Amino acid sequence: MIVVGCSNSKSLAKIIARKAGLKYSDLVMKHFPDGELYIKYAIDIKNEDVFLVQTLYPSTEAILEILIAGYTAKDLGAKKVNLIAPYMAYMRQDKRFFKGEAISSLIIGKMFNIFDKIITIDPHLHRHKSLNEVFYNQNVLLSSNKLIEDYLQKNYSDSYIIGPDEESNQWAEEIAKKIGMKSIVFNKKRYNSQKVKVYGKGLEEIKNQKVIIIDDIISTGHTILESINEIKKYKPKTIIVVGIHGIFANKLVYEQIMKNTKEIITTNTIETKHSKIDVSELISNSLL
Ligand code: R5P
């Protein structure tokens, strides 16, 4: 078995390989003068099980890179070509919301058919209830819940957990139950990618409490910021934010979140200064 680090995830891939006791190699990816991608394997992968590691944020070029790498690995005689995508992109466009739109999750599912196995962490499953509805390959869904539970137990006791929308119950409510904290899950209405509104009941209880908001993806950050604004009306002691995948695509919103929270915690599926929860062992254990 060989772990191959692609451009978004070289350092994470190296750690995964070391922890799993596997060989490691960088995928060579350069640009031709016109911007097209040049891909090359630096070691012989014939008859090997290849694990490409590529988190899919930013995604556009990263997807093309792993597709070219996947087809090339088959062409070079790899026994199996597997994808480890700690953050799986395109999972939220899981329905035709408006006439004429692409259902992107299903198209990505078809495009990734080249991979024998897909391993990912907390993909956004909402209208698709399992990865099998998206991908035709063998797939492995890893959950970071236990890692989040450990972090919160170590750093925050007696807090109140808030899930900012209905889908977040699989993280917020589940984690709260495991570590013996109370939880409230909000309802959310999304008007467009930059505008959401959240509604919660029973918030009187959070007065003077430590409140921890937990969601899977912080993309523009509007969901978190709206939740913070709603929570603040009830005068909590402090607000902490946990996002599994920290994209932080909107700088102004990010600054507002920073201003209003004691701590922002994410995993390193996408590496940022908030990546305080390490998923490398979760992934390496899944390879053994
Ligand atoms: C979708 O519902 C997800 O669980 C997140 O709540 C969403 O992706 C967050 O997006 P944004 O940060 O842009 O509000």
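Two strands pair if DSSP finds at least two bridges between them. Helices (H or I, at least four residues) and strands (E, at least two) are DSSP runs numbered from the N terminus. The model shown is predicted: local features need pLDDT of at least 70, side-chain atom pairs count only at pLDDT 80 or more, and totals for chains, interfaces and linings use all residues. Residues are numbered from 1 along each chain as its sequence is written, and side-chain values use heavy atoms, with hydrogens and water left out.

**View A. Six strands form an open sheet with parallel pairing.** The strand order is 9-8-12-13-14-15. Strand 9 (182–185) and strand 15 (275–277) are at the edges with a single partner strand each, so one side of each has no neighbour in the sheet. From one strand to the next, the twist averages 35°.

**View B. Strand 8 (residues 159–163) runs parallel to strand 9.** Four bridges join the two strands; Ile 162 has Ile 184 in strand 9 as its bridge partner. Helix 5 (residues 172–179) packs on the sheet and touches strand 8, strand 9 and strand 12 (210–218), where contact means heavy atoms within 4.5 Å. The direction of helix 5 makes about 160° with that of strand 8; axes are lines fitted to C-alpha atoms, for helices over the stretch in contact, and angles run from 0 to 180 degrees between N-to-C directions.

**View C. Thr 267 lies in strand 14 (residues 263–267).** Thr 267 counts as buried (under 20% relative accessible area, 1.4 Å probe, protein chains only) because its relative accessibility is 1%. A polar atom of its side chain lies 2.7 Å from the backbone oxygen of Ile 244. Beyond neighbours within four places in sequence, Thr 267 has contacts including Ser 144, Gly 243 and Ser 275.

Conventions. Buried < 20%, exposed > 50% of the residue type's maximum accessible area, 1.4 Å probe, protein only. Polar contact = N/O pair within 3.5 Å; in protein donor to acceptor, adjacent residues only side chain to side chain.
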